[in-house]
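Here's a quick briefing to read alongside the model. Grab a viewer and follow along.

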Amino acid sequence: MQVLKARRVTVFMAIAASLLVNLPAAAIETISDPLPGGAQGPEMVVIPAGDFRIGDASGRGNDNERPQRSIAFDQAFAMGRYEVTFADWQNYADANGLPMPDNEGWGLSAQRPVIHVSWRDAHAYTQWLSRETGARYRLPTEAEWEYAARGGSQSYYWWGEQLDSSEQAPRAHCRGCASSRLLRNKTAAVGQFPANGFGLHDTAGNVWEWTASNFTQRFDGSETQSAGLLDNSPRVVRGGAWNSGPVYLRSSMRDLKQPHHRDYALGFRVLRELP
């Protein structure tokens, strides 16, 4: 059994901004594992045990978002509060003598989500985090991702049935989300838009996010499993991106990418297993 370096884990409490989904404000436990040299790993939010129905309940989704089925999580896990940033990736690149991914010249990239990373790149990053911290990091399965991204909701978007976004208070970053004109053609710094009921930011919009799971045309159990490293079949990506229309931001929306694929609208967030 792996023993976590418990004294190296920083834990504190925060209050979730959960008014948008009509959930009571709740205490959010966050974890940040120290890295060698004084850096910190990604900020993680503890996601409580519970159950939900994966997939589309509205009838407006695609066939591959069905059949809906109930999935239960008997144990809590931690999920990245934000998408992995260029600053997070810099720690990994420096430690391993790797070049940084292309930031498209968008400037101030440290706090933007890392892009131009493949599924295998993301997997290697989680393995490095695991080695450096003694905790077990990995990509979330598709089911874990949707459960966390919904933040306790079962609606079309995590905040409700309609986009209902204004220039003064947009809830996500996409084309059609009333994002600032300064952001129309690039990613936003993480955490600029409201958190969901679990305290996670940008689970809708900004960048598509890799999951650990193989893509199948209908839910068949693959959504609860992690694909093998040598498996070359397409992986599920979730969440929509800065260049997506609002319909792509629904919580049940699924798309696929080959595990070697990289582009300017694709990133990821990490999961940390809890003892």
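**Helix H3 and the charges around it**

Right after H3 comes Gly151, which has a positive phi, near 60°. Keep in mind that this is a predicted model. H3 itself spans residues 142-150 and is mostly covered, with nine of its nine residues buried. That makes it a handy place to start, and the salt bridges come next.

- The buried residues of H3 include Glu142, Glu146 and Arg150, and those three are linked with Arg238 and Arg254 in a network of salt bridges.
- Within that network, Arg254 pairs with Glu142, with the closest N and O atoms 2.5 Å apart. This pair links distant parts of the chain, since Arg254 is in strand E10 and Glu142 in helix H3, 112 residues apart.
- Both Arg254 and Glu142 are buried.

**Other salt bridges**

- The structure holds 19 salt bridges.
- Glu273 and Arg136 form one of them, with 3.2 Å between the closest N and O atoms. Glu273 lies in strand E12 and Arg136 in the loop between H2 and strand E7 (137-138), so the pair ties together parts that are 137 residues apart in sequence.
- Glu273 is partly exposed, at 26% relative accessible area, and Arg136 is partly exposed too, at 46%.
- The side chains of Asp63 and Arg66 also meet in a salt bridge, at 3.1 Å from N to O. Here Asp63 counts as exposed at 55% relative accessibility, while Arg66 counts as partly exposed at 22%.

**Aromatic rings**

- Searching the whole structure turns up 19 aromatic pairs.
- For Tyr125 and Phe268, the ring centres are 5.7 Å apart and the planes are at 75°, so this pair is edge-to-face.
- Tyr125 lies in helix H2 (residues 119-133) and Phe268 in the loop between E11 and strand E12 (271-273), so the pair ties together parts that are 143 residues apart in sequence.
- Tyr125 is buried, with a relative accessible area of 1%, and Phe268 is buried at 0%.
- One aromatic cluster is made up of Phe52, Phe73, Phe77, Tyr147 and Phe198. Its member Tyr147 is among the buried residues of H3.

**Arginines over rings**

- Arg60 has its charged end over the ring of Tyr156, 3.7 Å from the ring centre.
- Arg235 has its charged end over the ring of Trp119, 4.0 Å from the ring centre.

**An open sheet**

- Four strands make an open sheet with mixed pairing, in the order E10-E9-E8-E11.
- Strands E10 (254-257) and E11 (266-267) stand at the edges with a single partner strand each, so one side of each has no neighbour in the sheet.
- E8 (residues 208-214) and E11 run parallel and are joined by two bridges. Glu209 stands opposite Gly267 in E11.

**Arg81 up close**

- Where does Arg81 lie? You'll find Arg81 in the loop between strand E6 (77-80) and helix H1 (86-96).
- Is Arg81 buried or exposed? At 19% relative accessibility, Arg81 counts as buried, because the cut-off is under 20%.
- The side chain of Arg81 makes a polar contact with the side chain of Glu43, at 2.7 Å.
- Setting aside neighbours within four places in sequence, the residues in contact with Arg81 include Thr30, Met44, Val45, His201 and Arg269.

Definitions and conventions. Residues numbered from 1 in each chain as written. Predicted model: local features only at pLDDT ≥ 70, side-chain atom pairs only at ≥ 80, totals over all residues. Heavy atoms only, no water. Buried < 20%, exposed > 50% of the residue type's maximum accessible area, 1.4 Å probe, protein only. Polar contact = N/O pair within 3.5 Å; in protein donor to acceptor, adjacent residues only side chain to side chain. Contact = heavy atoms within 4.5 Å. Pairing = 2+ DSSP bridges. Phe/Tyr/Trp six-rings, centres within 6.5 Å; stacked < 30°, edge-to-face > 60°. Lys NZ or Arg CZ within 6 Å of the ring centre and 35° of its normal. Salt bridge = Lys/Arg side-chain N within 4 Å of Asp/Glu carboxyl O.
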